[in-house]
Amino acid sequence: LYVVVIKGKCPEDGWDESTIELFLQELAIMDSNNFLGNCGVGEREGRVASGLVARRHYRLIHGIGRSGDISAVQPKAAGSSLLNKLTNSLVLDIIKLAGVRTVTNCFVVPMATGMSLTLCFLTLRHKRPKAKYIIWPRIDQKSCFKSMITAGFEPVVIENVLEGDELRTDIEAVEAKIKALGAENILCVHSTTSCFAPRVPDRLEELAVICANYDIPHIVNNAYGVQSSKCMHLIQQGARVGRIDAFVQSLDKNFMVPVGGAIIAGFNESFIQEISKMYPGRASASPSLDALITLLSLGASGYKQLLKERKEMFSYLSSELKKLADNHSERLLDTPHNPISLAMSLKNLDENNDAAVTQLGSMLFTRQVSGARVVPCGSVQTVNNYTFKGFMSHANDYPCAYLNAASAIGIKKQDVDVFLKRLDKCLKTFRKEAKKEKTVNEISNSDTGTEQLED
């Protein structure tokens with residue numbers, strides 16, 4: 001208890017459930033709505049009609065923050081306020097443990113990653129009133145793109161460069177665009193760490209140096225990067241050699257809690273406080289409560305073990321997917337800079353049947369394989385009036401169709417084995433159909449083809 005409450009650190013060993021529940025009950029009785037004889041005459045008094053709802057939230061009903069600051073202490077909700085402070089402290093401890101050792105401040109925000117990025121951009125608006133553009137190395141994921149539009153800025157899309165199989169940041173194009181637009185007209189550079197292969201994390205060190213040289217803020221979308229030592233190392237190095245103002249990560253993807261929360265972190269304590277003050281009104285305590293329960297349950301050692309297992313499963317998935325690809329005359333794309341996501345070519349499928357690639361995705365989904373993405377060549381999509389050619393592949397013309405699979409935190413060997421078995425069956429089905437179609441074509445084109453087909 002001393003380590004958690006006084007030092008604000010994640011306990012080395014996880015607590016059992018009864019201890020966590022007792023701790024939460026102690027926090028709850030510090031909130032005024034749970035005082036015996038409390039007389040509430042305001043419009044927000046923590047009244048709850050359903051006992052089920054009250055128990056679900058451990059009677060921590062007041063939420064977090066005050067109307068002017070999501071991180072502020074609420075006098076009539078001392079328990080909920082303490083919960084908020086403790087969660088932010090424990091999450092900060094885990095971010096340091098995961099590799100960003102010089103981070104100074106962070107807070108849990110009850111919005112997913114996209115809206116949390118929007119909050120960062122809106123905070124920067126007051127610092128750079130002339131700015132209207134955001135430099136954005138392309139990643140085909142809608143929420144990070146919409147985060148810039150929602151904040152009222154114009155994304156400047158920087159196409160990636162193909163290096164081998166990998167799609168990497170075009171540093172020269174970024175700097176050329178900054179010179180063309182004028183640094184004072186650019187709100188920030190919006191970079192990405194965690195992403196779907198064959199795109200790999202942005203060149204954060206080079207981007208951070210450019211941002212420092214031109215005095216441009218730098219916001220990093222680190223959506224599911226906390227679980228990757230490589231992504232966290234890139235952020236640490238970027239902050240060391242250049243400029244990173246804030247990095248944003250999802251609670252659900254990194255800490256295995258329900259969707260609905262994110263962590264905004266950075267190296268300048270006052271700027272992170274500015275972002276928290278930009279949030280209008282109070283906020284739900286649910287994401288903070290989920291994160292606190294999870295971290296107390298796991299402890300630092302439990303979280304480190306999950307990180308270790310994830311890395312081991314990535315190696316296993318990589319080696320087994322390569323074997324499967326070879327068996328089907330495909331190949332595992334060479335993307336050594338992506339530490340979480342893998343891609344396997346679907347060239348043969350794409351050449352034999354235009355619809356086969358998307359059909360494979362449907363087959364996997366109906367066979368209860370979730371999370372695998374199939375990416376056909378040449379798909380076009382319009383997002384908020386911006387048209388992307390080759391959408392989902394992070395490039396206008398990627399050389400082949402492919403399938404994605406990822407080794408994310410919490411994945412088990414059984415998940416990998418079942419996925420590979422079902423993928424293998426699906427691909428064999430396509431091969432049989434292709435062979436049958438080839439035989440029919442050969443017969444129909446031969447001299448006796450008509451007679452054989454009639455027979």
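**Figure 1. Overview of the protein chain, with 16 helices and 14 strands.** The model shown is predicted. Its C-alpha trace spans about 95 × 55 × 40 Å along the principal axes. Of the 455 residues in the chain, 51% are buried. Contacts between residues at least 6 apart in sequence are mostly long in range: 73% of them join residues at least 24 apart.

**Figure 2. Close-up of Lys253 in helix α10.** Helix α10 covers residues 251-255 and contains Lys253. An unreviewed UniProt entry places the feature "modified residue: N6-(pyridoxal phosphate)lysine" at Lys253. The relative accessible area of Lys253 is 35%, so the residue is classed as partly exposed. Leaving aside residues up to four places away in sequence, Lys253 touches Ala223, Tyr224, Gln227 and Ile409.

**Figure 3. The largest pocket and its lining.** The volume of the largest pocket is about 630 Å³. Its lining consists of 23 residues, and those that lie nearest the centre are Ser370, Gly371, Ala372, Ala406 and Ile411. At least two lining residues each are supplied by α10, β14 (402-406) and α15 (413-445). Helix α15 gives the largest share, five residues. By residue class, the lining comprises 15 nonpolar, four polar and four charged residues.

**Figure 4. Helix α7 and its two sides.** Helix α7 runs over residues 171-181, and its buried residues are Ile171, Val174 and Ile178. These three are on the same side of α7 because they cover an arc of only 60 degrees around the axis. Exposed residues on the other side of α7 are Glu172, Lys179 and Ala180. The buried residues pack against three strands, β2 (133-137), β3 (154-158) and β6 (186-192), and against helix α8 (204-214). Just after α7 comes Gly182, with a positive phi of about 90 degrees.

**Figure 5. The cis peptide bond between Ala197 and Pro198.** Omega for the bond is about 10 degrees. Pro198 is located in the loop between β6 and α8. Both of these elements are also packing partners of the buried residues of α7.

**Figure 6. Surroundings of Leu423 in helix α15.** Leu423 has a relative accessibility of 0% and therefore counts as buried. Not counting residues up to four places away in sequence, Leu423 touches Leu321, Leu324, Met344, Leu360, Leu364 and Leu403. Of these, Leu321 and Leu324 fall within the residue range of α12 (286-327), Met344 within that of β10 (341-345), and Leu403 within that of β14 (402-406). The C-alpha atom of Leu423 is separated by 35 Å from that of Leu117, a residue 306 places away along the chain.

**Figure 7. Two loop residues with positive phi, Ser329 and Asn385.** Neither residue is glycine. Ser329, in the loop between α12 and β10, has a phi near 55 degrees. The relative accessibility of Ser329 is 59%, over the 50% cut-off, so Ser329 counts as exposed. Asn385, in the loop between β12 (380-383) and β13 (386-389), has a phi near 70 degrees. With a relative accessibility of 78%, Asn385 likewise counts as exposed.

How values were computed:
Residues are numbered from 1 along each chain as its sequence is written. This is a predicted model: local features need pLDDT of at least 70, side-chain atom pairs count only at pLDDT 80 or more; totals for chains, interfaces and linings use all residues. Side-chain values use heavy atoms; hydrogens and water are left out. UniProt positions are given in the numbering used here, feature names are shortened, and annotations may be inferred rather than shown by experiment. Helices (H or I, at least four residues) and strands (E, at least two) are DSSP runs, numbered from the N terminus. Buried means under 20% relative accessible area, exposed over 50%, partly exposed in between (1.4 Å probe, protein chains only). Contact means heavy atoms within 4.5 Å. The arc is that of the directions from the helix axis to the C-beta atoms. On a 1 Å grid over the protein atoms alone, a cavity is a set of points where a 1.4 Å probe fits but cannot get out, and a pocket is an open set with protein on both sides within 12 Å along at least five of seven lines; lining residues have an atom within 4 Å of a point. Grid points are joined across faces, edges and corners, and a volume is the space filled by probe spheres set on the points. Ala, Val, Leu, Ile, Met, Phe, Trp, Tyr, Cys and Pro count as nonpolar, Asp, Glu, Lys and Arg as charged, and the others, Gly among them, as polar.
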